[in-house]
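Trainee: Could we go through this one together, starting with the charged side chains and then moving on to the strands?
Mentor: Yes, have a look at the entry first and then ask away.

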Amino acid sequence: DGLKIIGRAGTGVDNIDVAAASKKNIAVMNTPTANTVSAAEQTCALFLSLARHTPAADASMKAGNWDRKKFMGTELYGKTAVIIGLGHIGREVAIRLQAFGMKTVGFDALLPAEDTKKFGVDQMPLEELWPIADYISVHVPLLPATKGMIGGKTFEMCKPGLKVINCARGGIIDNDSLVAALESGKCGGAALDVFINEPPTGVEQTLAQHPKVIACPHLGASTKEAQLRVARE
């Protein structure tokens, strides 16, 4: 009964029952910029890991193998990164990917196109983005409009071998559709830092153990610097 404030250490409050808190006059706060750099860097690390098979190559070496041919990768240079959600984190991801020579395009339901153009991201309708994507990275909250927004119909519109990255919220990429796309080869790889259930269970556990998936235990904000910023904010 004495609870006055619920603090969310990170971006978004979609995992807090704000309506219930409001009924009890409990304030809900978050730290929307504290983990921006850390989450952006984690996202870019996963781009590189997908492109160069770094985690699998490391595991192979630790198993005593030396197999260069098995881990032939691709460059990020010249590839198209579609960024869904161009707020603080999406913007910082775009700026870093541009340094690798990637073309950055995207979509944001709230930000005007002229604003995102200033940091090098041209906005396009979603149905025009999917066919040109080499990589898709999502940086939106989990809402009814974003739940499962990347699903079977999306994968059908994409190039074969597309790679997807989710450092935002579990559930934005439909899990069953992702498994099917990985198995068919439509999706060439996925990097998942977030899950609906953490630790993952069911189909999400299947994804975490899939050979074409790089899975992390929600490390986006897990840096010393981000935690210091959270405390200050």
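**Charged pairs, cysteines and strands**

Mentor: To begin with one contact, the side chains of Arg91 and Glu92 meet in a salt bridge, with N to O at 3.3 Å; a salt bridge here is a side-chain nitrogen of Lys or Arg within 4 Å of a carboxyl oxygen of Asp or Glu. Keep in mind that this is a predicted model, in which local features need pLDDT of at least 70 and side-chain atom pairs count only at pLDDT 80 or more, while totals for chains, interfaces and linings use all residues. Residues are numbered from 1 along each chain as its sequence is written, and side-chain values use heavy atoms, with hydrogens and water left out.

Trainee: How many salt bridges does a search of the whole structure find?
Mentor: The search finds five salt bridges, and one of them joins Glu92 to Arg96 at 2.7 Å, N to O. Glu92 and Arg96 are four residues apart in helix H4 (residues 88-99), so about one helical turn separates them; helices (H or I, at least four residues) and strands (E, at least two) are DSSP runs, numbered from the N terminus.

Trainee: Is Glu92 buried or exposed?
Mentor: Glu92 is buried, with a relative accessible area of 17%, whereas Arg91 at 30% and Arg96 at 24% count as partly exposed. The cut-offs are under 20% relative accessible area for buried, over 50% for exposed, and partly exposed in between, using a 1.4 Å probe and protein chains only.

Trainee: What does Lys159 form a salt bridge with?
Mentor: Its partner is Asp134, and the closest N and O atoms are 3.0 Å apart. Lys159 lies in the loop between helix H7 (152-157) and strand E7 (162-166), and Asp134 in the loop between helix H6 (126-129) and strand E6 (135-138), so the pair ties together parts that are 25 residues apart in sequence. Asp134 is buried at 19%, while Lys159 is partly exposed at 33%.

Trainee: Switching topic, how many disulfides does the search find?
Mentor: It finds zero disulfides across the whole structure, a disulfide being a pair of cysteine sulfur atoms within 2.5 Å.

Trainee: Why does Cys167 have no bond to Cys216?
Mentor: Cys216 holds the closest cysteine sulfur to that of Cys167, but at 7.5 Å it is too far for a bond. Likewise, the sulfur of Cys187 has its closest cysteine sulfur in Cys158, at 8.6 Å, which is too far for a bond. Cys167 counts as buried at 12% relative accessibility, and Cys187 counts as buried at 0%.

Trainee: Back to E7, how many of its residues are buried?
Mentor: Five of the five residues of E7 are buried, so the strand is largely enclosed by the rest of the structure. Leu162, Val164 and Asn166 point one way from E7, and Lys163 and Ile165 point the other way.

Trainee: And which way do E6 and E7 run?
Mentor: E6 and E7 run parallel and are joined by four bridges, where strands count as paired if DSSP finds at least two bridges between them. Val138 has Asn166 in E7 as its bridge partner. From E6 the chain crosses through H7 to E7 in a right-handed β-α-β crossover, meaning that, with the strands pointing away from the viewer, the path from the first strand over the helix to the second runs clockwise.

Trainee: What about strand E8?
Mentor: Strand E8 (residues 187-192) runs parallel to E7, with five bridges joining them, and Ile165 has Ala191 in E8 as its bridge partner. E7, helix H8 (residues 175-184) and E8 make a right-handed β-α-β unit.
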